[in-house]
Amino acid sequence: MKTLVSLAVVAVAGIGSAFAQEGMRPEMSEFYDPKPPVVVPGVELAGGGFTAPSDAIILFDGKDLSAWENTNGGPAEWPVKDGVFTVDKSKGDIRTKEKFESFQLHIEWRIPENIHGEGQLRGNSGVYLQGMYEIQVLDSYNNPTYVNGQAGSVYKQSVPLANAMRKPGEWNVYDIIYTAPTFKEDGTYRTRPMVTLIQNGVVLQYNTVILGTTEYIGFPRTVKHGAGPILLQSHGDPSEPISYRNIWIRKM
Ligand code: MG
C-alpha cells in the first residue's frame with residue numbers, strides 16, 4: 001500500500017511538472033550572468049602535473065620558500081636546489097605564511113631513488129590541511145604498512161581507494177580539494193572537513209569526511225579552528241629526505 005501511494009505521488013508530481021513545462025521555450029531556462037571568471041590553465045608537465053593556472057596563489061615555483069615559514073615562526077630553511085626543495089629533518093615542519101579556508105591544492109613530491117627503510121620509516125612526510133589534518137606522504141611503492149597510514153590516507157582515519165604510487169625517483173602529483181569545517185559555539189563541528197584527493201590522476205579520497213585531528217596515538221579529536229596554513233611534515237624517520245615542487249593553491 002505504501003508503495004502504491006508513493007507511486008501515485010510521483011505520478012501526480014510528474015503531471016504537475018509536465019504542466020509547468022507548457023509554454024516554456026529553451027531560452028527561458030538559460031542565463032548569462034554572472035559569468036565564471038576566465039582562468040588560463042597551466043601547462044601540463046611531463047609526469048602529469050600542471051603548472052599554476054592564472055588565478056592560483058603560488059606557494060612554490062622553484063625559486064625560494066618565501067611563502068613559507070618554520071612552525072616556530074622563524075624562516076623556512078629547507079634547502080632549495082634545481083627548482084625543488086627537500087625536507088631538512090633537523091629544521092622541523094614548515095607551513096605557509098598565508099592561511100586558507102576551503103581550497104584546491106596542487107603539490108608534487110618525490111621519494112628519492114636511493115630510499116631505505118620500511119613501513120612508516122620510509123619517506124614519511126605529510127601535507128596538513130589547515131595545519132590540522134594530515135594527508136599522508138610516504139613511499140608506498142612496494143612498502144607495506146597499516147593501510148590507513150599509507151600514501152594518500154587521511155592519516156589513521158581513511159584508507160585510500162587505490163595505491164597509485166610512482167616508484168622512487170619519479171614525481172607523484174597530489175591534487176587536493178578541501179572543504180573547511182564549520183563549528184558550533186561549543187566548539188564541536190557543525191559541518192566536518194571534507195576532502196577529495198587525486199594522486200597521479202587516480203581518485204584516492206572521494207568526498208571523505210574527516211573525523212577530527214589525525215593523531216599518531218589515539219582517536220581523532222575535535223579542535224575548533226579557523227583558517228589555517230598548509231603544513232609540510234618533517235618526520236623523524238631516518239630514511240633519505242623527500243622533495244617537493246610545483247605547489248599552488250586556489251581558494252574556493
Ligand atoms: Mg606523515
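A pocket here is an open set of grid points with protein on both sides within 12 Å along at least five of seven lines, and its lining residues have an atom within 4 Å of a point. Keep that in mind for the second stop. The model on screen is predicted.

**Start with the whole chain**

Show the C-alpha trace. Along its principal axes it spans about 70 × 45 × 40 Å. Colour by secondary structure: there is 1 helix, and there are 15 strands. Now colour by accessibility. Of the 252 residues, 42% count as buried.

**The largest pocket**

Select Q120, N124, Y128, E134, Q136 and Y146, then add Y155, T214, E215, Y216, Q233 and H235. Together these residues line the largest pocket. Its volume is about 190 Å³. How many lining residues fall into each class? The lining has 6 polar, 4 nonpolar and 2 charged residues.

**The magnesium ion**

Centre on the magnesium ion next. Which protein atoms are its donors? They are OD1 of N124, O of S125, OE of E134, OE1 of Q136 and OE1 of Q233. These donors lie 2.2 to 2.3 Å from the ion. Along the sequence, the donor residues follow the spacing N-S-x8-E-x1-Q-x96-Q. Compare this selection with the pocket: N124, E134, Q136 and Q233 are among the lining residues. Are E134 and Q136 buried or exposed? Both are buried.

**The five-stranded sheet**

Zoom out to the open sheet of 5 strands. Its order is β2-β5-β14-β7-β8, and the pairing is antiparallel. Look at the two ends. β2 (68–70) and β8 (133–137) are the edge strands; each has a single partner strand, so one side of each is left without a neighbour in the sheet. Stay at the β2 end. Here β2 runs antiparallel to β5 (residues 94–96), joined by 3 bridges. Pick E69: R95 in β5 stands opposite.

**The nonpolar core**

Hide the ion and show nonpolar side chains. The largest nonpolar core has 42 residues. Which of them have the most contacts inside the core? Select W68, L105, V127, L129, I176 and Y244. Strands that each supply at least two core residues are β1 (57–60), β6 (103–110), β7 (125–129), β8, β9 (171–179), β12 and β15 (243–251). β6 gives the most, with 4 residues.

**Strand β6 and its partners**

Isolate β6. It is mostly covered, with 6 of its 8 residues buried. Add β9: it runs antiparallel to β6, and 8 bridges join the two strands. Pick L105 and find its bridge partner in β9, I176. Both residues were in the high-contact selection of the core. Now add β15. It is joined to β6 by 7 bridges, again antiparallel. Pick F103 here; its bridge partner in β15 is K251.

**The β12–β13 hairpin**

Move to residues 194–199 and 202–209. These are β12 and β13, paired in the antiparallel sense over 5 bridges. I198 stands opposite V203 in β13. The two strands form a hairpin with 2 residues between them. Pick N200 in the turn: its phi is positive, about 50°.

**Into the next loop**

Continue past β13. G212 lies in the loop between β13 and β14 (231–232). Is G212 buried or exposed? It is buried, with a relative accessible area of 0%. Draw a distance from the C-alpha of G212 to that of K97. The two atoms are separated by 23 Å, and the residues are 115 apart along the chain.

**Unusual backbone geometry**

Most residues other than glycine have a negative phi, and most peptide bonds are trans. Three further picks depart from this pattern.

- **D33 and P34.** A cis peptide bond joins them, with omega about 0°. P34 is in the loop between α1 (2–21) and β1.
- **N142.** This residue sits in the loop between β8 and β9. Its phi is positive, near 55°. N142 is exposed, with a relative accessible area of 70%.
- **K156.** This residue is also in the loop between β8 and β9. Its phi is positive, about 60°, although it is not a glycine. K156 is partly exposed, at a relative accessible area of 31%.

Definitions and conventions
Residues are numbered from 1 along each chain as its sequence is written. This is a predicted model: local features need pLDDT of at least 70, side-chain atom pairs count only at pLDDT 80 or more; totals for chains, interfaces and linings use all residues. Side-chain values use heavy atoms; hydrogens and water are left out. Two strands pair if DSSP finds at least two bridges between them. On a 1 Å grid over the protein atoms alone, a cavity is a set of points where a 1.4 Å probe fits but cannot get out, and a pocket is an open set with protein on both sides within 12 Å along at least five of seven lines; lining residues have an atom within 4 Å of a point. Grid points are joined across faces, edges and corners, and a volume is the space filled by probe spheres set on the points. Ala, Val, Leu, Ile, Met, Phe, Trp, Tyr, Cys and Pro count as nonpolar, Asp, Glu, Lys and Arg as charged, and the others, Gly among them, as polar. Donors are N, O and S atoms within 2.8 Å of the metal (3.2 Å for Na, K and Ca); water is not among the atoms, so sites may look incomplete. Buried means under 20% relative accessible area, exposed over 50%, partly exposed in between (1.4 Å probe, protein chains only). A nonpolar core is a set of buried Ala, Val, Leu, Ile, Met, Phe, Trp, Tyr and Cys residues joined through side-chain atoms within 4.5 Å.
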